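Let's take a walk through a protein together. Have the sequence and the 3D view ready, and follow along at your own pace.

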Amino acid sequence: EDYAVDKQPDTLMVYYMLSPMEVYKILLDLGYDIQENEAEFLRKNFGYYCQRTLHSMPLSFTILARIGQLCWKTDYVWDWFMEAVKADLFNREGTTHLGVHCGHMAATLDIVLSTFTGVKSCMDADSVLIEPSLPPSWTKVKFRRLINGSWYHVTVTKKKVKLALEDMEVLKAKQRPISIGGNKLILCAWSSVGVKYHKMSTMREFYDLMSKTKFVRQSIVSTYISEKGFSPAIQNQIEALADALMTLEKVPRSDMGVAQVGLDARKRINLDLHYEITELRKDICYLQHGVDRMYKEYMRPVINEFDELIHEGVEFLGGADCAFHNLITDRDGTINNYCGRYKSSVQSAYNSIFLSRFATDCCQNSIILTAAPLQGMIEVSV
């Protein structure tokens, strides 16, 4: 306690049993003053215990792998998972000759099933949700799973989940619906079905997806700033942004080609996804091919005399070695382009890197003036 360290992050284990929102609401009901939203609160606690954990117990790595996936720290999840797998194989604790760590082994298998293949019970306990997130080196996982008394054969690939249900008459169990990619399924006995899971169908799922892209972008920018450039460590984050882009591109559309999502059980609304899709494409292009490619594909075609305007702007500011006491700006047009929905107007990674470099290399103080609620602005800023 004098040094504020722990052998394993036991506090984070609460997220094994409860969702981030459930933990958040319980703490608020107990009277705790929490300034962050539930996702940022989880991320903050995750970072706190990562820095203060000795990992002297093998269960530590399975905890971090499971919770890391909730924070979209996908670049670390695989490393922690492999450390967990090696615990008894390499006799890390020096006690394997006395017996393997059965609880730790079960937790390792749970990472495969609940994190990588994404099989979990929904909060209402009446259905099962499958949200796969396979490691980059895995192409397929096959397993047999008992779900509410019924045996299912499950095959998970990068883009599809295939389910087969065994004979219900033999098992005499009440079947629960299974949700995959926005589709809720109930299978017949000995039948099978394949479902692509890059799909989003409700407004809530849309906002959840955009919230996750914020944390992915934050991780990218943080890596860029700390390492003063891009590194192979961001490849998984780029894949996460590509998955988010594919999900948005696969949103169901009306006969007129307009994206539509469900607002509630009876009502669907139209969505203009131009901002979200375009900014994701820019980020991916910039991260994979560099700034010149992004300018060529996304800036010059839509901005007349783009290069001349950039040159004039640099000269106006005093050249490449310009220096200022203060940078004062608003949000719209500087931190992000126009978006019809404030909640999904997440700042782009490329924009955050550009502004961060300018603010740190060319300015002593940086200030943003806005009439928007400060907490709301924090939630969509990278």
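How many aromatic pairs does a search of the whole structure find? The search turns up 14 of them. Before we look at a few, keep in mind that this is a predicted model.

Start with Trp78 and Phe116. Their rings make a tilted aromatic pair, with 6.4 Å from centre to centre and 40 degrees between the planes. Trp78 belongs to helix α5 (residues 74-89) and Phe116 to helix α6 (residues 102-116), so this pair ties together parts that are 38 residues apart in sequence. Are the two partners buried or exposed? Trp78 is partly exposed, because its relative accessible area is 26% and the partly exposed range runs from 20% to 50%. Phe116, on the other hand, is buried, with a relative accessible area of 2%.

Phe116 has another partner too. Phe81 and Phe116 form an edge-to-face pair, 5.1 Å centre to centre and with 80 degrees between the planes. Here again the pair links α5 to α6: Phe81 lies in helix α5 and Phe116 in helix α6, so parts 35 residues apart in sequence are tied together. Phe81 counts as buried, at 6% relative accessibility. Put these rings together with one further residue and you get an aromatic cluster made of Trp78, Phe81, Phe116 and Trp138.

Stay with Phe116 for a moment, and let it lead you to Leu134. Which part of the chain holds Leu134? You'll find Leu134 in the loop between β2 (128-130) and β3 (140-147). Sitting in a loop might make you guess otherwise, but Leu134 counts as buried, with 12% relative accessibility. Leaving out residues up to four places away in sequence, Leu134 touches Phe116, Thr117, Thr139, Lys140, Val141, Val156, Thr157 and Lys158. Leu134 and Thr115 are 19 residues apart in sequence, and their C-alpha atoms are 8.3 Å apart in space.

Now zoom out. The protein chain has 14 helices and 12 strands. Of its 382 residues, 41% are buried. Looking at contacts with a separation of 6 or more, 60% are between residues 24 or more positions apart. Gly262 gives you a feel for how the chain brings distant positions together: Gly262 and Arg204 are 58 residues apart in sequence, yet 8.6 Å apart in space, C-alpha to C-alpha. Gly262 sits in strand β9 (residues 259-262) and counts as buried at 9% relative accessibility.

Next stop is Arg217, in helix α8 (residues 203-227). Is Arg217 buried or exposed? Arg217 is buried, because its relative accessible area is 1%, under the 20% cut-off. Not counting residues up to four places away in sequence, Arg217 touches Met210, Leu241, Glu279, Leu280, Asp283, Val346, Gln347, Ser348, Ala349 and Val382.

Some of those names come back when we look at two helices that meet. Two packed helices are described by the angle between their axes and the distance between the axes. For α10 and α13, the axes come within 8 Å and cross at roughly 65 degrees. On the α10 side, the contact is made by Glu279, Lys282, Asp283 and Tyr286, while α13 brings Ala349, Tyr350, Ile353 and Phe354. Five of these contact residues are nonpolar, none are polar and three are charged.

These two helices also take us to an open space. Rolling a probe the size of a water molecule over the atoms shows where empty space is left. The second largest pocket holds about 1100 Å³ of space. Its lining has 33 residues, with Tyr295, Ile310, Phe354, Leu355 and Phe358 nearest the centre. At least two lining residues come from each of α10 (274-289), α11 (291-299), α12 (306-317), β11 (324-329) and α13 (349-362). Which element gives the most to the lining? That's α13, with eight residues. Overall, the lining of this pocket has 20 nonpolar, nine polar and four charged residues.

One last stop: Glu305, in the loop between α11 and α12. Most residues other than glycine have a negative phi. Glu305 is not a glycine, but has a positive phi of about 55 degrees. Unlike the buried residues you met earlier, Glu305 counts as exposed, at 58% relative accessibility.

Definitions and conventions:
Residues are numbered from 1 along each chain as its sequence is written. This is a predicted model: local features need pLDDT of at least 70, side-chain atom pairs count only at pLDDT 80 or more; totals for chains, interfaces and linings use all residues. Side-chain values use heavy atoms; hydrogens and water are left out. On a 1 Å grid over the protein atoms alone, a cavity is a set of points where a 1.4 Å probe fits but cannot get out, and a pocket is an open set with protein on both sides within 12 Å along at least five of seven lines; lining residues have an atom within 4 Å of a point. Grid points are joined across faces, edges and corners, and a volume is the space filled by probe spheres set on the points. Helices (H or I, at least four residues) and strands (E, at least two) are DSSP runs, numbered from the N terminus. Ala, Val, Leu, Ile, Met, Phe, Trp, Tyr, Cys and Pro count as nonpolar, Asp, Glu, Lys and Arg as charged, and the others, Gly among them, as polar. Axes are lines fitted to C-alpha atoms, for helices over the stretch in contact, and angles run from 0 to 180 degrees between N-to-C directions. Contact means heavy atoms within 4.5 Å. Buried means under 20% relative accessible area, exposed over 50%, partly exposed in between (1.4 Å probe, protein chains only). Rings of Phe, Tyr and Trp (its six-membered ring) pair if their centres lie within 6.5 Å; planes under 30 degrees apart count as stacked, over 60 as edge-to-face and the rest as tilted.
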